[in-house]
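Here are a few exercises to work through with the model open beside you. Try each task before you read its solution.

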Amino acid sequence: MSSRPEHRPIRVCTIPGRHSYVDRCLAGAPDVVHLPDPAGSTSYDDPWRPSPALEPAWVRAYAGQVDLMHLHFGYEHRTPQQLRTWTETLISEDIPFVLTVHDLDNPHTPGQERHHASLGVLTKSAAATITLTRGAAEELKRRYGVTAHVIPHPHQFDLGLVGRRVRARARRGGRIGLNLRSQRPNVDALAALSLLRQAPADTSIVIRVSTAILTGGDEVGNVIADGAREGRWEVSAVPGYTDERQLWEFLSGIDALILPYLWGTHSGWVESCWDVGTSVVAPAIGYYGEQHPVVTLALNARPDVVQQVLGELRPTDGATVQERRAEQTEVAARHAAIYRQVLG
């Protein structure tokens, strides 16, 4: 185990180095130092840039400055064998690592064989494994034989925005949103747009879509543009990246958000919606409903089912600032406790 002096805080290198979720898991964690991002590899504007800390050469070069590595996500570009070499390098340098499994099935890749193999390598080598829901923990146990700690996702928005809205919640009719800023492999945009065409007549709809998709000339962009011309929905065109305030304005201005997913495990969108009291409508996949209450609706549901479910949508109270603050404090404390246990 690490020879860290007892009087020194635990120096933790995270992958990714900077991300709102990662930062909130460690904000205020007792006796923990969240190390600066390796080589400035990521930022809030670009959190998905590959981290150099996944390179064995980086581990060897900076081993004396790191007590513990915590891997969250951002390793899709590495093969299972490369990840095995990385974990072996960590062991050789006496750096234990903690793994948080956000995605049992990767939303960024069309096939899952490589991702599942990577999880097999990582769960076998991790000194401790964390996930966000009990259902995901049970699936990890079935798949890989690992017992995972369950620590919930902390607030997504800054606490100053939790519980605030730009628009009062509707009691009838309602306003439903769909986010298509990017088209990951697990997104079925056309199915979601078809579903929204079947919404009750007194429902207003807003489609948040990237300008690249809207003007790209593909079928999704054309369907969105056609619906806007017909008056079926409003379109909010956004650039590739939007800041937290813009996202808050979108989510707090609707009553419900449709998640257009074919597969998934957990969702930051569920947390963002809970922060502002916006309902979530999603297919029966993953463990979204264990994060917070979710309205279940298949993307290919019959028109009468769509009419009934969307017509009966009601606002959710969502989170309070006090609840989210207390939760974040507990999340940070539990991470610190796991780190101390790992380091002995």
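Two strands count as paired if DSSP finds at least two bridges between them. Helices (H or I, at least four residues) and strands (E, at least two) are DSSP runs, numbered from the N terminus. This is a predicted model, in which local features need pLDDT of at least 70 and side-chain atom pairs count only at pLDDT 80 or more, while totals for chains, interfaces and linings use all residues. Residues are numbered from 1 along each chain as its sequence is written, and side-chain values use heavy atoms, with hydrogens and water left out.

**Exercise 1. Find the partners of strand β8 and describe its surroundings.**

Step 1: Start with strand β7 (residues 175-180), which pairs with β8 in the parallel sense over 6 bridges. Within this pairing, Ile176 stands opposite Ile205 of β8, and Leu180 has Val209 as its bridge partner.

Step 2: Now turn to strand β9 (residues 234-238), which is joined to β8 by 5 bridges, again in the parallel sense. Here Ile207 has Val235 of β9 as its bridge partner.

Step 3: Place these strands in their sheet. It is open, has 6 strands with parallel pairing, and follows the order β9-β8-β7-β10-β11-β12. Its edge strands, β9 and β12 (295-296), each pair on one side only.

Step 4: Check burial, where buried means under 20% relative accessible area, exposed over 50% and partly exposed in between (1.4 Å probe, protein chains only). Because 6 of the 7 residues of β8 (residues 204-210) are buried, the strand is largely enclosed by the rest of the structure.

**Exercise 2. Describe how helix α6 packs against helix α8.**

Step 1: Two packed helices are described by the angle between their axes and the distance between the axes. Axes are lines fitted to C-alpha atoms, for helices over the stretch in contact, and angles run from 0 to 180 degrees between N-to-C directions.

Step 2: The axes of α6 (residues 189-197) and α8 (residues 219-229) come within 10 Å and cross at roughly 15°. So α6 is roughly parallel to α8, given that angles under 35 degrees count as roughly parallel, over 145 as roughly antiparallel, 65 to 115 as roughly perpendicular and the rest as oblique.

Step 3: List the residues in contact (heavy atoms within 4.5 Å). From α6 they are Ala189, Leu190, Leu193 and Arg197, and they meet Glu219, Val220, Val223, Ile224, Asp226 and Gly227 of α8.

Step 4: Relate α6 to the strands. The helix lies across β7, β8 and β10 (256-258), at about 165° to β7.

**Exercise 3. Work out where helix α4 sits.**

Step 1: Look for the sheet with the order β2-β1-β3-β4-β5-β6, an open one of 6 strands with parallel pairing. Its edge strands are β2 (32-34) and β6 (149-150), each pairing on one side only.

Step 2: Inside that sheet, β4 (residues 97-101) and β5 (residues 128-131) run parallel and are joined by 4 bridges. Val98 has Ala128 of β5 as its bridge partner.

Step 3: Lay α4 over the strands: this helix lies across β3 (68-71), β4 and β5, at about 135° to β4.

Step 4: Compare its axis with that of α5 (residues 134-144). The axes of α4 (residues 113-125) and α5 come within 11 Å and cross at roughly 90°, so the two helices are roughly perpendicular.

Step 5: Finish with one residue of α4, Ala117. With a relative accessible area of 35%, Ala117 is partly exposed. Its C-alpha atom is separated by 6.1 Å from that of Pro80, 37 residues apart along the chain.
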